[in-house]
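Reader: Hey, got a minute to go through this model with me? I'd like to talk about how its parts touch.
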Amino acid sequence: MRARLIAIAIIGAAGASAAAEVAPLAVSFTDGAVAESLTGVAGDPAEGRKAVFTRSMGNCLACHQNSEMEEQPFHGEIGPPLDGVADRWTVEELRGIIVNAKMMFEGTAMPAFYRDPSQAIRIGKQYEGKTILTAQQVEDVVAYLATLKE
Amino acid sequence: MRLALGALAALAVAASAQAGPDEDKLVIDGVEIATEAQAPEGHPLDKLYSGWRFRTDETQALQMDDFENPAMVAVEYGIELWGKPAGASGKSCADCHGDVSELAGLRAVMPKWSEAAGRPLTMEQWINWSIETHQEAEPWKWESQEMLGMTALIGLQSRGMPVAPDMSGGMAEWQERGKEIYYTRMGQLDFACATCHEANAGYMLRADHLSQGQSNGFPTYRLKWQNIGSLHRRLEGCVKDARAEPWKSGSDELVAIEAYLATRGAGLMIETPSVRQ
């Protein structure tokens with residue numbers, strides 16, 4: 001009985017978090033920052049770390065050098081290094097930059113990781129209807145970046 | 001915070017020290033081919049650099065010796081095809097054109113306007129036009145070994161000549177269309193050609209040293225492909241990397257981009273067949 005109640009509670013929580021997920025078009029920016037969590041579920045820094053170096057996920061290393069993951073080969077030089085990024089930006093600003101950096105830096109090369117796919121021009125067929133990262137992955141990456149202090 | 005900024009500045013200096021082309025000279029069998037050119041006025045880049053200057057010493061070396069250059073296998077095949085009769089006419093390329101060296105300079109002015117077609121044609125399209133019209137034979141597929149062999153062979157006749165496309169008349173419109181696409185951000189990643197090859201040329205994108213995306217070496221032997229390939233194949237790869245829907249080889253869009261790339265690289269030397277990563 002207790003087990004069943006816990007199971008119901010977990011399902012309930014999962015259901016609530018899915019319902020609370022902010023759709024890309026509904027994300028609210030203030031000076032490029034996004035104050036509200038996209039999911040209401042705290043980001044997992046370990047998952048975020050994985051998304052930062054994995055090519056099929058965030059692949060942030062393509063453009064950013066990051067001393068915290070020196071075991072990973074080939075760090076790019078297009079954007080600023082991630083070292084100490086949490087000293088320079090708040091969590092809300094980091095979330096805004098990941099969701100759509102163009103809201104803060106006009107014309108930046110950085111992709112918008114949680115932009116409505118209908119806004120993309122000529123999006124590849126296999127990417128139709130998809131954001132680069134899911135809402136929870138954005139929260140995970142933000143949680144990881146928040147650990148990068150010098 | 002001040003310390004962090006200092007560290008950032010140091011990193012920025014380190015990055016800029018390695019950014020950009022190297023200083024190597026391309027000498028093929030004793031003949032030097034310039035790999036940079038002053039950009040004409042109004043060009044978005046100050047100086048033009050061949051993609052060769054952004055490659056590793058090992059990759060560069062493959063292009064410096066025709067016996068080492070793996071694309072020369074395709075050229076050999078091209079020579080064989082040049083003399084081979086085909087189609088209802090029973091004629092070979094050589095029967096009408098003579099020695100292939102007669103076509104020196106042609107690669108440097110591609111794509112070139114066709115009065116008959118009322119549009120520009122790329123080297124591949126000119127070859128197929130001649131195959132169908134003169135040889136009365138079946139045209140070759142864009143990425144076939146036959147087409148690659150022939151474009152490599154004809155292109156080689158212009159090696160060391162400056163890229164000099166003629167964008168007068170009807171070409172201007174195609175060049176303009178190509179330019180428009182070049183600066184359009186597309187795909188899930190929202191990249192334009194210019195995002196990487198204009199704004200960030202010289203920097204590392206993960207393991208790739210971004211070049212200016214010049215087209216003077218095509219068709220090129222690409223180590224990643226383990227084969228020689230066309231410019232349109234390479235462009236397809238770039239578009240896919242932006243997670244955008246690619247255009248087909250020979251499509252009007254890719255011909256337009258090819259026309260614009262030729263104007264962006266005007267003054268660089270033809271390196272066909274080049275070797276890249």
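Author: Sure. Across the interface of domain 1 and domain 2 of chain B, the rule finds 1 salt bridge, meaning a side-chain nitrogen of Lys or Arg within 4 Å of a carboxyl oxygen of Asp or Glu. Keep in mind that this is a predicted model, where local features need pLDDT of at least 70, side-chain atom pairs count only at pLDDT 80 or more, and totals for chains, interfaces and linings use all residues. Residues are numbered from 1 along each chain as its sequence is written, chains are lettered from A and ligands numbered from 1 in the order in which they are written, and side-chain values use heavy atoms, with hydrogens and water left out.

Reader: OK, which residues does B:Arg119 pair with in a salt bridge?
Author: B:Asp252; the closest N and O atoms of the two are 2.9 Å apart.

Reader: And where do the domains of chain B start and stop?
Author: Domain 1 covers 22–69 + 167–276, and domain 2 covers 72–156; the bounds come from an automatic or database domain assignment. Contact (heavy atoms within 4.5 Å) takes in 26 residues from domain 1 of chain B and 22 residues from domain 2 of chain B.

Reader: How much area do those two bury?
Author: About 1900 Å² between domain 1 and domain 2 of chain B, 64% of it on carbon and sulfur atoms. Buried area here is the accessible area (1.4 Å probe) that two parts lose on being put together, summed over both. On the domain 1 side, B:Met171, B:Ile228 and B:Ile270 lose the most area to domain 2, together 23% of what that side buries.

Reader: Switching topic: how many residues of chain A and chain B are in contact?
Author: 36 residues of chain A touch 28 residues of chain B. The two chains bury about 2700 Å² between them, with 54% of that on carbon and sulfur atoms. In chain A, the residues that lose the most area to chain B are A:Glu77, A:Ile78 and A:Arg122, together 27% of what that side buries.

Reader: How many salt bridges there?
Author: The rule finds 3 across the interface of chain A and chain B. B:Asp190 forms a salt bridge with A:Lys102, and their closest N and O atoms are 2.8 Å apart.

Reader: What classes of residue does chain A bring to chain B?
Author: The side of chain A that touches chain B has 16 nonpolar, 10 polar and 10 charged residues. Ala, Val, Leu, Ile, Met, Phe, Trp, Tyr, Cys and Pro count as nonpolar, Asp, Glu, Lys and Arg as charged, and the others, Gly among them, as polar.
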